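The following exercises are to be worked with the sequence and the three-dimensional structure at hand. Each task is followed by a solution in steps.

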Amino acid sequence: MTTAKVQISVSLLEKLAGIKKEPIKKQQQRSIHPSQLQLPGFPLPVAQLGPGGHYAADSSLQQSLQQSRRIGELLLKAEEQEVAAVKQHADELIGRYSAAPRARACEQEQLACIECYQQHPTDALACSSLVDAFFACSQRAAGQLTS
């Protein structure tokens, strides 16, 4: 059985999306004043909010968010394609390796023996002809399996 490994990297998704990445330059480190630190669960001061409720000071955050959304969309698209391919492969394997259920050999003879034994609980010899027929049938079926 062959297995396939799919590895999706950010550079692959960027390449698929047609995103041209500029070489990363050393980013200037911004000094953060202690009053600008935000604790989880506490909103930033309203003075830092720009029009529309966005943080105007950080456009790179918005670019990163847009890029993240594009990558997320590409991942979902790739996932849908992979799921479809896996389902198709599974259907092919099921079709290739599964067999239709077969009827049990000598089922009629077996049922006849059981019914006879139920009708004659004290006289087992009354069912001997049915047992012989069931035995002969089972021998033929076993012979067909081995040949």
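**Exercise 1. The cross-link of C106 and C137**

Task: Characterise the link of C106 and C137 by its handedness, its geometry and its place in the chain.

Solution.

Step 1. The link of C106 and C137 is left-handed, with -95° about the S-S bond. The model is a predicted one, and this torsion is a value computed from its atoms.

Step 2. The two residues form a disulfide, with their sulfur atoms 2.0 Å apart.

Step 3. The pair joins distant parts of the chain, 31 residues apart. C106 is in the loop between α2 (59-97) and α3, and C137 is in helix α4 (residues 128-146).

Step 4. Burial is decided by a cut-off of under 20% relative accessible area. C106, at 9% relative accessibility, therefore counts as buried. C137, at 11%, counts as buried too.

Step 5. The backbone of C106 deserves a separate note: its phi is positive, about 60°, although C106 is not a glycine.

**Exercise 2. The remaining cysteines**

Task: Determine how many disulfides the structure holds, and state the pairing of the bonded cysteines in sequence order.

Solution.

Step 1. The structure holds two disulfides. Besides the pair treated in Exercise 1, C116 and C127 form a disulfide, with sulfur atoms 1.9 Å apart.

Step 2. About the S-S bond of C116 and C127 the torsion is about -95°, so this disulfide is left-handed. The pair links distant parts of the chain, 11 residues apart: C116 is in helix α3, whereas C127 is in the loop between α3 and α4.

Step 3. C116 has 6% relative accessibility and C127 has 0%; both values are under 20%, so C116 and C127 count as buried.

Step 4. With the bonded cysteines numbered in sequence order, the pairing is 1-4, 2-3. C113 is in no disulfide; the nearest cysteine sulfur belongs to C127 and is 7.1 Å away. Since a disulfide requires sulfur atoms within 2.5 Å, C113 is left out of the pairing.

Step 5. C113 is nevertheless buried, with a relative accessible area of 6%.

**Exercise 3. Architecture and confidence**

Task: Describe the secondary structure of the protein, and state which element has the lowest mean pLDDT and which the highest.

Solution.

Step 1. The protein has four helices and zero strands. Read along the sequence, the pattern is α-α-α-α.

Step 2. The mean pLDDT of the protein is 77, and 70% of its residues reach 70 or more. Among the elements, α1 has the lowest mean, 72, and helix α3 (residues 107-119) has the highest, 94.

Step 3. Of the 147 residues, 9% are buried. The protein exposes about 13,500 Å², and carbon and sulfur atoms supply 57% of this area.

Step 4. Contacts between residues at least 6 apart in sequence are considered next: 47% of them join residues at least 24 apart.

**Exercise 4. A nonpolar surface patch**

Task: State which residues form the nonpolar patch on the surface, and how much accessible area they have together.

Solution.

Step 1. The patch is formed by I8, L12, L16 and L75, which together have about 340 Å² of accessible area.

Step 2. I8 lies in the segment before α1 (10-17). Its relative accessible area is 39%; a patch residue needs over 30%, so I8 meets this cut-off.

Step 3. A further spatial relation involves L75: V10 and L75 are 65 residues apart in sequence, and their C-alpha atoms are 9.9 Å apart in space. V10 lies in helix α1 and, at 47% relative accessibility, counts as partly exposed.

**Exercise 5. The surroundings of Q110**

Task: Locate Q110, decide whether it is buried, partly exposed or exposed, and name its contacts beyond its neighbours in sequence.

Solution.

Step 1. Q110 lies in helix α3.

Step 2. The relative accessibility of Q110 is 27%. Partly exposed residues fall between the cut-offs of 20% and 50%, so Q110 counts as partly exposed.

Step 3. With neighbours within four places in sequence set aside, Q110 is in contact with R104 and F134.

Step 4. The C-alpha atoms of Q110 and V131 are separated by 8.2 Å, and the two residues are 21 residues apart along the chain.

How values were computed: Residues are numbered from 1 along each chain as its sequence is written. This is a predicted model: local features need pLDDT of at least 70, side-chain atom pairs count only at pLDDT 80 or more; totals for chains, interfaces and linings use all residues. Side-chain values use heavy atoms; hydrogens and water are left out. Patches are made of residues with over 30% relative accessible area and no salt bridge: like charges are joined within 9 Å, nonpolar side chains (Val, Leu, Ile, Met, Phe, Trp, Tyr) within 5 Å. Accessible areas come from the Shrake-Rupley method with a 1.4 Å probe; for residues, only the protein chains shown count as cover. A salt bridge is a side-chain nitrogen of Lys or Arg within 4 Å of a carboxyl oxygen of Asp or Glu. Helices (H or I, at least four residues) and strands (E, at least two) are DSSP runs, numbered from the N terminus. Buried means under 20% relative accessible area, exposed over 50%, partly exposed in between (1.4 Å probe, protein chains only). pLDDT is the predictor's confidence in each residue, from 0 to 100. Contact means heavy atoms within 4.5 Å.
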